[in-house]
Amino acid sequence: MNTQTAKTEKPKSSWVNLVVDFGPLLVFFLAYKHYAPAGEGDSLATVGAVIKGTIAFMVATVIALGVSKWRLGHVSPMLWLTTVLIVGFGMLTVVFHNDFWIRIKPTAVYLMFAGVLFFGLWRGKPMLKYLLQSAFEGLNEEGWMKLSRNWAWFFLLLAVLNTVLVYTVSFETWLQAKLWGFTVLSFVFTFSQLPMVLKHGMGETAKEEVIENPPHD
């Protein structure tokens, strides 16, 4: 029985998590850079590059959804919600030929997750546990509540930061900040939570799972 169960379990794979979480954004960046004009004066060509990058972004996100189901055996509610918003705001970008929509998408995602987490805290439920569909080994209910609270405030901070960038910098600068700056911030914040979750019962062997499965947009 144990042997059969082991065979049917989906393997955990850190590279799959990374591909699912950050692959679509990298595809967006590479597609945009490929089609972007050499100079900054051709605004029409720039918009065209944004649209082509957005289409590639949407396709890559849907593929990532399938990869998550195939390799990890499940699709977390967080990934479902993110995919819906990416496709929705991506379609607005394509239809209206305006990069504002794809740039403001992260703000909508961050606010949505922050709202869900704050609502859960108000109801006394650690909603992060349900959004991630993860059970970090040994982490007690108090630890989940604190992790949900901390991520709620962090998502709110990212929403404000992304909105400021949307209205103050060029698309090129925003894209660089989104790909590199926000990703680094998320990883740094994830690592900063390790002492807290270890203090609240999570075993040392589960640290890798926390690092591999950070909430993302």
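Start by selecting Thr 107 in this predicted model; the residue sits in helix α5, which runs over residues 100-123. Its relative accessibility is 7%, so Thr 107 counts as buried. Show what surrounds Thr 107: leaving out residues up to four places away in sequence, the residues it touches are Ala 159, Asn 162 and Thr 163.

**Across to Val 166**

Now add Val 166, a residue of helix α7. Draw a distance between its C-alpha and that of Thr 107, and you should read 9.5 Å, although the two are 59 residues apart along the chain. Is Val 166 buried or exposed? With a relative accessibility of 5%, Val 166 counts as buried. Beyond its neighbours within four places in sequence, Val 166 is in contact with Phe 100, Arg 103, Ile 104 and Trp 174.

**Arg 103 and the salt bridges**

Stay with Arg 103 for a moment. Arg 103 forms a salt bridge with Asp 99, and the closest N and O atoms are 3.0 Å apart. Both Arg 103 and Asp 99 are buried.

How many salt bridges does the structure hold? There are three. For another, select Glu 172 and Lys 33, whose closest N and O atoms are 2.9 Å apart. This pair links distant parts of the chain, since Glu 172 is in helix α8 and Lys 33 in helix α2, 139 residues apart. Glu 172 has a relative accessible area of 26% and is partly exposed; Lys 33, at 39% relative accessibility, also counts as partly exposed.

Then go to Glu 142 and Lys 146, whose side chains meet in a salt bridge at 3.4 Å, N to O. These two are four residues apart in helix α7, so about one helical turn separates them. An α-helix has 3.6 residues a turn, so residues three or four places apart point the same way. Glu 142 is partly exposed at a relative accessible area of 44%, and Lys 146 counts as partly exposed at 25%.

**Along helix α8**

Colour residues 171-192 next: this is helix α8, with 22 residues. At 1.5 Å a residue the helix should span 32 Å, and its end C-alpha atoms are 30 Å apart, which agrees. Look for a kink of about 35 degrees centred on Lys 178. Lys 178 is also one of the buried residues of α8, which include Phe 171, Trp 174, Phe 182 and Phe 189.

For another helix to check, select α3: its 30 residues reach 41 Å from first C-alpha to last, close to the 44 Å expected at 1.5 Å a residue. After α3 comes Gly 73, with a positive phi near 85 degrees.

**The aromatic rings**

Switch on the side chains of the aromatic residues; the structure holds 18 aromatic pairs. Phe 28 and Phe 171 make an edge-to-face pair, with 6.2 Å from centre to centre and 80 degrees between the planes. Phe 28 lies in helix α2 (residues 14-35) and Phe 171 in helix α8, so the pair ties together parts that are 143 residues apart in sequence. Phe 28 is buried, with a relative accessible area of 1%, and Phe 171 is buried at 6%.

Trp 151 and Phe 154 are also edge-to-face, at 5.4 Å centre to centre and 80 degrees between the planes. Here the partners are three residues apart in helix α7 (residues 141-168), so they are separated by about one helical turn. Trp 151 counts as buried at 3% relative accessibility, and Phe 154 is buried with a relative accessible area of 7%. Extend the selection to Tyr 110, Phe 113, Phe 155, Phe 182 and Phe 189: together with Trp 151 and Phe 154 they form one aromatic cluster.

**Last stop: the nonpolar core**

Which residues touch the most other members of the largest nonpolar core? Among its 43 residues, they are Phe 28, Leu 128, Leu 147, Trp 151, Phe 155 and Phe 171. Helices supplying at least two residues each include α2, α5, α7 and α8, and the largest share, 10 residues, comes from α7.

Centre the view on Phe 28 to see its surroundings. Apart from neighbours within four places in sequence, its contacts include Val 50, Phe 57, Ile 102, Phe 171 and Trp 174. Finally, select Val 20, Ala 64, Leu 65 and Leu 79, which are among the five residues of another core lying apart from the largest one.

Notes
Residues numbered from 1 in each chain as written. Predicted model: local features only at pLDDT ≥ 70, side-chain atom pairs only at ≥ 80, totals over all residues. Heavy atoms only, no water. Expected span 1.5 Å × (residues − 1). Bend = angle between axes of the 7 residues up to and from the residue. Buried < 20%, exposed > 50% of the residue type's maximum accessible area, 1.4 Å probe, protein only. Contact = heavy atoms within 4.5 Å. Phe/Tyr/Trp six-rings, centres within 6.5 Å; stacked < 30°, edge-to-face > 60°. Core = buried A, V, L, I, M, F, W, Y, C linked by side-chain atoms within 4.5 Å. Salt bridge = Lys/Arg side-chain N within 4 Å of Asp/Glu carboxyl O.
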